[in-house]
Amino acid sequence: MTTYDANGVTLERVREYVWEIPQDGDMRTPARVLASESLLDEISEDKTLEQLTNTTHLPGITDYAICMPDGHQGYGFPVGGVGAMDAENGCISPGAVGYDINCGVRMMTTNLTYDDVRGRERELVDSLFANVPSGLGGGGIVEAGIDTVDEILARGVDWALENGYAVQDDLRHCEDEGVREEADPAMISQKAKDRGKNQIGSLGSGNHFLEVQRVTDVFDDEVGAAFGLTADQIVVLIHCGSRGLGHQTCNDYLRKIEQHHQGLLAQLPDKELAAAPAGSQLAEEYYAAMNAAINFAWVNRQLIMHRTREVFERVFDRSWEDMEMDLLYDVAHNIAKRETHTVGADETERELYVHRKGATRAFPAGHPEVPAAYRDVGQPVIIPGSMGAGSYVLRGGAASMDLTFGSTAHGAGRLMSRTQAKNEYWGGDVQDELAADHQIYVKAQSGATVAEEAPGVYKDVDEVVRVSDALGIGDRVARTFPVCTIKG
DNA sequence: ATGTGC
């Protein structure tokens, strides 16, 4: 048997790109890493594998804990991790969702081509930067009171539709149609709402961005056509989450769960994995709060897209409908959801809390939750790369339900810490280099953020996507390359 | 990720 030794953790090769950490000691299941050897070399360098093994101690974890090819160390649970816990006898864990609840990406297509934008990148990037709030502070697109926040938390993109910030197709082309019905705004603290009320429609900081891109490759013509993607086309990618509201919510429930479920916590190898037993009051409350924060993040991305349409209207002097600025799809990559999956050798149906932290839902063709427009080809999956590397559109692959609870990777995945990145790079140099070498125009609130997000601090997104495609969990459809970017 | 810290 082929094995891989990563500082004391031995992985057994199940087959190409599938590695297993066998069940041992108090582990409830084995763990699996989906990666090529070169990605495994990178994944082995931080605490990812130790954290992944720790997650198999969580009650009700089913089949195995999974690390995606872009996995790296996170708070308790690896980023790029998938854990499916039994919804009756298992648990739900805020650390397995992530601090930025419903961090995610949406891609908007257009009928513009690269030639339409060439030479006007500066004008476009300046106008986007001036009109889309970014960075820490700076307010949001909608300044609202707590009543409005409550409505957004309860209704998601449906609120945006009613208030003129969305059209019906925007909802159809969003995971869960832009609303989690099980949301309860009463489960979100006043403090979280206060933090959120001035951030409705804002990018935030860190790896969040808005990028105008051009399609460089369409690998699958049939699926590309179904998604409305053609070579040289201009598209817009928006990557952000639930801002301070989601962060505060994660923090609030971590503290509550640590206090109320100390017995369970004592059984876990890492305090950061604090979990509420399925069926407990806190499990229900966290789930209702998380769903509300998910709705908030969807409205956030919707408002940014709405504002982007307005900016394009001014810059190109045409209506957004005329430029066919339609939402291709919006996918979350930091969520948990109650889903029914067929598990085990006896193929029983089980209700599970599927935690996807830095992992994207990737449902295959025919799945009832794939929007009608894409049902014959599979759910669109959007994988943002780093600033200099472009991004990918995939479609949910035929093997995803068997291998990964219907999931794939979410991005390139960090290679080094933010602090390390700031020692290696200087923001201004990174911007100059991107402009000189690739005609990519980056405008950011903070030079430090640019340094933290320099292309060199990320893994190779091509390799991440190659593994996803080879495993059949998310198949390559198209690749894009940046034209101009705004950041926090 | 984050008014970047019990």
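**A buried histidine, the DNA strand B surface and two helices**

A polar contact of 3.3 Å links the side chain of His208 to that of Asp100. The model is predicted. His208 sits in the loop that runs between α8 and β9 (209-218). Its relative accessible area is 8%. The cut-off for a buried residue is under 20%, so His208 counts as buried. Beyond its sequence neighbours up to four places away, His208 touches Asp100, Cys103, Leu203, His239, Cys240, Gly241, Lys487 and Gly488.

DNA strand B is surrounded by 15 residues. The closest are Arg195, Ser205, Gly206, Asn207 and Arg418. Of the atoms of DNA strand B that come within 4 Å of the protein, 58% belong to sugar and phosphate. By residue class, the surface near the strand holds eight polar, five charged and two nonpolar residues.

Phosphate oxygens of DNA strand B lie close to several named groups. For Arg418, a polar side-chain atom is 2.5 Å from a phosphate oxygen. For Ser205, the partner is a backbone N or O atom, at 2.8 Å. For Arg243, an N or O atom of the side chain lies 3.0 Å from a phosphate oxygen.

Two helices, α8 (190-197) and α10 (243-260), each supply at least two residues of the surface near DNA strand B. The largest share comes from α10, with three residues.

The length of α10 was checked against expectation. At 1.5 Å a residue, its 18 residues should span 26 Å. The C-alpha atoms at its ends are 26 Å apart, so the two values agree. Many residues of α10 are buried: Arg243, Gly244, Leu245, Gly246, Gln248, Thr249, Cys250, Asp252, Tyr253, Leu254, Ile257 and Glu258. Arg243 thus appears twice, as a buried residue of α10 and as a side chain at 3.0 Å from a phosphate oxygen of DNA strand B. The cover over the buried residues of α10 includes α5 (146-155), α8, α11 (262-267), β11 (276-277) and α12 (281-316). Helix α8 therefore has two roles in this account: it is part of that cover, and it supplies residues near DNA strand B.

Helix α17 spans residues 461-471. Its N-terminal end is capped by Asp460, with a side-chain oxygen 3.0 Å from the backbone nitrogen of Asp462. Within the helix, Val461, Glu463, Val464, Val465, Val467, Ser468 and Leu471 are buried. Gly472 follows just after α17 and takes a positive phi of about 80°.

Notes:
Residues are numbered from 1 along each chain as its sequence is written. Chains are lettered from A and ligands numbered from 1 in the order in which they are written. This is a predicted model: local features need pLDDT of at least 70, side-chain atom pairs count only at pLDDT 80 or more; totals for chains, interfaces and linings use all residues. Side-chain values use heavy atoms; hydrogens and water are left out. A residue is near a molecule or strand if one of its heavy atoms lies within 4 Å of it. A polar contact is a pair of N or O atoms within 3.5 Å; within protein, one must be able to donate a hydrogen and the other to accept it, and residues adjacent in sequence count only if both atoms are side-chain atoms. Helices (H or I, at least four residues) and strands (E, at least two) are DSSP runs, numbered from the N terminus. Ala, Val, Leu, Ile, Met, Phe, Trp, Tyr, Cys and Pro count as nonpolar, Asp, Glu, Lys and Arg as charged, and the others, Gly among them, as polar. The expected span of a helix is 1.5 Å times one less than its number of residues. Buried means under 20% relative accessible area, exposed over 50%, partly exposed in between (1.4 Å probe, protein chains only). Contact means heavy atoms within 4.5 Å.
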